[in-house]
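Thanks for sharing this one. Here are a few friendly notes to read alongside the structure.

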Amino acid sequence: MSDAAHPRMIRVLVADDSAFMRTALTRMIESDAEMRVIGVAQTGNEALEKIPLLNPDVITLDVEMPGLNGLEALKRIMKEFPRPVIMVSSLTQEGAETTLEALSSGAFDYVPKQLSFACLDIVKIREDLIAKVRAAAESQQGRRNGRVTTPLADGLSRSASPNYRPPSGIVALGTSTGGPKALQQILPTLPEDLPVAVLVVQHMPPGFTGPFARRLNGLCKVGVQEASPGELIRPGIVYIAPGGRQMTVNQSAPSKVHIRISAEPSHTLHIPSVDVMMLSVAETFRGRTMGVIMTGMGADGLVGMQAIAREGGLTVGQDASTCTVYGMPRSCAEAGVLDRVVSLSQIPEQILQATHYRVRR
């Protein structure tokens with residue numbers, strides 16, 4: 001059937017040196033009636049040759065290919081034929097680090113190779129891949145047509161929000177697709193003497209969050225580390241939830257709050273879960289919690305941000321124009337739980353204001 005019969009057909013180019021992977025990716029993508037694999041490539045050079053001929057909406061690109069590898073091919077694509085690219089990565093430390101570099105270089109998202117094709121839960125993996133391809137295509141369409149405006153831009157959405165608040169005692173931040181690059185932009189602007197800790201849930205599989213935290217730590221004045229169980233939360237530290245584990249907090253004394261890392265709850269769509277982290281933080285810090293929801297697919301974080309709002313904490317959402325995917329912030333905006341909607345570059349300023357930060361002389 002021709003593409004004309006499907007005006008919303010998403011055209012995908014699959015680039016991978018493994019015939020098995022090309023077949024598996026093609027079958028998964030084409031199981032969705034609105035998607036079609038219009039071509040495959042075995043090397044990065046072949047992908048670059050086919051892009052101008054086929055003009056795909058989205059490209060899946062293997063990280064490790066002979067000759068021109070995935071990272072080098074990605075940089076060429078972003079320069080010569082810019083469009084959304086989803087990296088297909090191994091779960092090795094080297095694969096994780098290369099994938100993080102790819103995200104910094106413009107990749108839209110990634111699919112961990114082992115998780116995708118070596119486990120039994122193939123249905124969930126297929127749905128995840130399809131969701132990422134669809135989100136990537138929609139983000140490209142949004143850029144062509146002009147971004148939708150944020151319904152609550154630059155204002156207060158909760159009319160009862162007071163002008164003055166006690167300083168926030170902690171920042172709980174959640175993000176997903178587009179998050180690695182966004183965090184890499186904002187966290188380095190935070191001062192070394194930030195008076196609070198920042199707890200971050202970034203949707204990532206096991207093996208990725210450690211290299212990600214180390215990468216951020218090398219860029220930031222604040223300390224950045226993968227969270228460890230039982231660790232005492234300290235100001236000026238950004239704690240990244242470990243992939244495949246839930247991060248919560250536990251108060252052992254009035255001024256002592258520790259991090260808890262657990263496999264439970266295991267029923268959430270994402271592990272780590274923004275909701276699980278934020279619910280725990282809101283219960284402990286109550287009105288002194290600042291919740292920040294940033295770019296990402298879906299609605300993880302909505303329940304947590306609602307809890308922070310109920311406790312009287314401050315809730316801030318990233319605006320549509322600076323989100324890679326305006327999903328998680330949109331769900332919060334439409335539910336009316338955001339105090340403020342700001343651009344990505346304004347989020348650090350919001351954190352400093354909420355903590356009543358003063359520059360030391």
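1. Thr-60 stands opposite Ile-86 in E4. Please keep in mind that this is a predicted model. The two strands involved, E3 and E4 (residues 85–89), run parallel to each other and are joined over four bridges.

2. What lies between these two strands in the right-handed unit they help to make? It is helix H3 (residues 70–80): E3, H3 and E4 together form a right-handed β-α-β unit.

3. E3 also has a partnership with strand E1 (residues 10–15), again parallel and over four bridges. If you would like a landmark for this pairing, look at Val-12, whose bridge partner in E3 is Val-58.

4. Are the residues of E3 buried or exposed? Strand E3 (residues 58–62) is mostly covered, with five of its five residues buried. Val-58, Thr-60 and Asp-62 point one way from the strand, while Ile-59 and Leu-61 point the other way. In a regular strand, side chains alternate between the two faces of the sheet. Here both sets are buried, Asp-62 and Thr-60 among them.

5. For a contrasting spot, try Glu-94, which sits in helix H4 (residues 93–104). Why does Glu-94 count as exposed? Its relative accessibility is 59%, and the cut-off for exposed is over 50%, so Glu-94 qualifies.

6. One last pair to look at is Glu-94 and Gly-207. They are 113 residues apart in sequence, and their C-alpha atoms are 9.9 Å apart in space.

Note on methods: Residues numbered from 1 in each chain as written. Predicted model: local features only at pLDDT ≥ 70, side-chain atom pairs only at ≥ 80, totals over all residues. Heavy atoms only, no water. Buried < 20%, exposed > 50% of the residue type's maximum accessible area, 1.4 Å probe, protein only. Pairing = 2+ DSSP bridges. Right-handed = clockwise from strand over helix to strand, strands pointing away.
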